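Reader: I have a model to look through with you, and I would like to understand how its labels were assigned. Could you take me through the reasoning?

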Amino acid sequence: MAAGNFAAHLDEQKGGPLSASYQNFNQMTDQLAKTATLRNDFINQFSHEFRTPIASIQGFADLMQERELPKKSGKPTWL
């Protein structure tokens, strides 16, 4: 569990007087697994949304460095 393996479940029928605790443990592992999934999904989504504009900015910056810009205002030469 400490390493992030939330697949561990206890057999509630073998818990005897502790079966309620076994049930709570199983609910806890299920909730931890869902929380870990949500966290990973959030990180992946955030990373994607953050990289997209950065890639566009990088592309335009590269074009501006490689191409000669017009001296007067108007349409850039690369369009």
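Reader: Where do F46 and F50 lie, and how many residues apart are they?

Author: Happy to help, and please keep in mind that this is a predicted model. F46 and F50 both sit in helix 1, four residues apart, which is about one turn of the helix.

Reader: What does the chain have in the way of helices and strands?

Author: The protein chain has one helix and zero strands. That helix, helix 1, covers residues 19–66.

Reader: How many aromatic pairs are there?

Author: The count comes to two aromatic pairs. One is F42 with F46, a stacked pair with 6.2 Å centre to centre and 25 degrees between the planes. These two residues also both lie in helix 1, four residues apart, about one turn of the helix.

Reader: And why is the pair of F46 and F50 called stacked?

Author: The ring centres of F46 and F50 are 6.0 Å apart and their planes are at 10 degrees. Rings pair if their centres lie within 6.5 Å, and planes under 30 degrees apart count as stacked. The pair of F46 and F50 is therefore stacked.

Reader: What do F42, F46 and F50 form together?

Author: They form one aromatic cluster. F42, F46 and F50 also help make a nonpolar surface patch of about 660 Å², together with I43, I54 and I57.

Reader: Why is F42 called exposed?

Author: F42 has a relative accessible area of 59%. Exposed means over 50%, so F42 earns the label.

Reader: Is N26 buried or exposed, and how do you know?

Author: N26 has a relative accessible area of 6%. Buried means under 20%, so N26 is buried. N26 belongs to helix 1. Leaving aside neighbours within four places in sequence, N26 is in contact with A8, H9, L10 and E12.

Reader: What makes those four count as contacts of N26?

Author: Contact means heavy atoms within 4.5 Å. A8, H9, L10 and E12 are the residues in contact with N26 once its neighbours within four places in sequence are set aside.

Reader: What share of the protein chain do buried residues make up?

Author: Buried residues make up 5% of the 79 residues in the protein chain. The chain exposes about 6,900 Å², and carbon and sulfur atoms supply 58% of that area.

Reader: Lastly, what share of the contacts with a separation of 6 or more comes from residues 24 or more positions apart?

Author: In the protein chain, that share is 23%.

Key:
Residues numbered from 1 in each chain as written. Predicted model: local features only at pLDDT ≥ 70, side-chain atom pairs only at ≥ 80, totals over all residues. Heavy atoms only, no water. Buried < 20%, exposed > 50% of the residue type's maximum accessible area, 1.4 Å probe, protein only. Patch = residues over 30% accessible without salt bridge, like charges linked within 9 Å, V, L, I, M, F, W, Y side chains within 5 Å. Areas by Shrake-Rupley, 256 points an atom, 1.4 Å probe, with all protein chains shown as cover. Salt bridge = Lys/Arg side-chain N within 4 Å of Asp/Glu carboxyl O. Phe/Tyr/Trp six-rings, centres within 6.5 Å; stacked < 30°, edge-to-face > 60°.
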